[in-house]
Amino acid sequence: MEKRFLLGLFLFLVLTLPLLAAGASVSRAQAGVVGTELWCVAKNNAEDATLQTALDWACGPGAADCSPIQQGGPCYDASDIVVTASYAFNDYYLKHGLSTDSCSFDNTAALTSLNPSHDKCKFPSSLSVSNGSFSGSSFSGSTTAVGMGPSEDINGSTRIALHWFWPLMTGHMLVVLSRVILER
């Protein structure tokens with residue numbers, strides 16, 4: 001009987017502690033404490049003509065704020081289409097959902113956690129939008145729900161599922177193992 005009690009106590013601790021820890025990390029993430037800064041940048045290996053087409057779309061119909069990459073702006077560099085397109089792509093990404101879909105540009109852009117800012121050219125990040133400090137032409141104010149579309153919810157539920165899945169799977173295996181041991 002004492003053997004079963006100790007085994008039960010062990011299983012209880014093994015099962016509940018990881019779940020409590022997972023719940024705490026999810027709570028911090030939902031509160032905005034945990035996060036990764038992301039920027040949408042042009043791919044180095046993209047064709048210049050394709051980048052120019054995507055840049056024209058971002059600054060035109062895409063309504064990105066391209067004034068910093070215009071002549072005289074802090075991010076103007078006529079000799080580097082990748083840097084120029086990166087600024088426009090990032091502005092569009094920040095204003096249109098913070099999702100991988102808003103950072104595609106015909107597969108010429110990608111998300112990065114490396115800050116592309118240089119000299120006087122400062123790129124706002126995904127955290128600046130979620131914290132309400134981005135002051136682009138189509139966003140101002142202090143709301144924290146800007147552009148959080150379905151992809152954020154899906155990514156969040158994937159992280160939660162992984163936090164719950166492995167502790168539950170481990171716990172299940174321990175219960176099966178303990179039953180095998182106790183039946184002997």
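Let me start with one word: buried. A residue counts as buried if its relative accessible area is under 20%. Keep that cut-off in mind. C75 has a relative accessible area of 3%, so C75 is buried. One more thing before we go on: this is a predicted model.

Now, the disulfides. How many does a search of the whole structure find? It finds 3. Count the bonded cysteines along the chain, and the pattern reads 1-5, 2-3, 4-6.

Stay with C75. C75 is bonded to C121, and the two sulfur atoms are 1.9 Å apart. The torsion about that S-S bond is about 105°, so this disulfide is right-handed. Where do the two ends sit? C75 is in the loop between helix 2 and helix 3, and C121 is in the loop between strand 2 and helix 4. That is 46 residues apart, so the pair links distant parts of the chain. C121 has 1% relative accessibility, so C121 is buried too.

Next, C40 and C103. Their disulfide has an S to S distance of 2.0 Å. The torsion here is about 90°, so this one is right-handed. C40 lies in strand 1, while C103 lies in the loop between helix 3 and strand 2. So the bond ties together parts that are 63 residues apart in sequence. Buried or exposed? Both C40 and C103 are buried.

Then C59 and C66. Their sulfur atoms are 1.9 Å apart. Which hand does this link have? The torsion is -90°, and the link is left-handed. The two cysteines are not alike in accessibility: C59 is partly exposed at 29%, whereas C66 is buried at 7%.

Back to C40, and to its strand. Strand 1 covers residues 39-42. W39 and V41 point one way, C40 and A42 point the other way. All four of these residues are buried. In general, side chains in a regular strand alternate between the two faces of the sheet. Strand 1 has a partner. It is joined to strand 2 by 4 bridges, and the two strands run antiparallel. For C40, the bridge partner in strand 2 is L111.

On to the core. The largest nonpolar core has 28 residues. Which of them touch the most other members? They are C40, L51, I69, F89 and F105. Strand 1, helix 2 and helix 3 each supply at least two residues of this core. Helix 3 gives the most, with 9 residues.

Let's zoom in on I69. Leave aside its neighbours within four places in sequence. Then I69 is in contact with L55, C59, C75, Y76, T84, Y87 and A88. You have met C59 and C75 already, as disulfide cysteines.

T84 deserves a look too. T84 is in helix 3. Its relative accessible area is 11%, so T84 is buried. A polar atom of its side chain lies 3.0 Å from the backbone oxygen of D80. Beyond its neighbours within four places, T84 is in contact with L55, I69 and D77.

Last topic: the aromatic rings. We describe a pair of rings by the distance of the centres and the angle of the planes. The count here is 5 aromatic pairs. Take W57 and Y92. Their centres are 5.2 Å apart, with 65° between the planes, and the pair is edge-to-face. W57 lies in helix 2 and Y92 in helix 3, so the pair ties together parts 35 residues apart in sequence. W57 is partly exposed at 38%, while Y92 is buried at 15%.

Now Y87 and F123. This pair is edge-to-face as well: 5.1 Å centre to centre, 70° between the planes. Y87 is in helix 3, and F123 is in the loop between strand 2 and helix 4, 36 residues apart. Both ends are buried: Y87 has a relative accessible area of 9%, and F123 has 6%.

Finally, ring pairs link W57, F89, Y92 and F105 into a cluster. F89 and F105 should sound familiar, as they are among the residues that touch the most other members of the core.

Methods. Residues are numbered from 1 along each chain as its sequence is written. This is a predicted model: local features need pLDDT of at least 70, side-chain atom pairs count only at pLDDT 80 or more; totals for chains, interfaces and linings use all residues. Side-chain values use heavy atoms; hydrogens and water are left out. Rings of Phe, Tyr and Trp (its six-membered ring) pair if their centres lie within 6.5 Å; planes under 30 degrees apart count as stacked, over 60 as edge-to-face and the rest as tilted. Buried means under 20% relative accessible area, exposed over 50%, partly exposed in between (1.4 Å probe, protein chains only). A nonpolar core is a set of buried Ala, Val, Leu, Ile, Met, Phe, Trp, Tyr and Cys residues joined through side-chain atoms within 4.5 Å. Contact means heavy atoms within 4.5 Å. Two strands pair if DSSP finds at least two bridges between them. A polar contact is a pair of N or O atoms within 3.5 Å; within protein, one must be able to donate a hydrogen and the other to accept it, and residues adjacent in sequence count only if both atoms are side-chain atoms. A disulfide is a pair of cysteine sulfur atoms within 2.5 Å.
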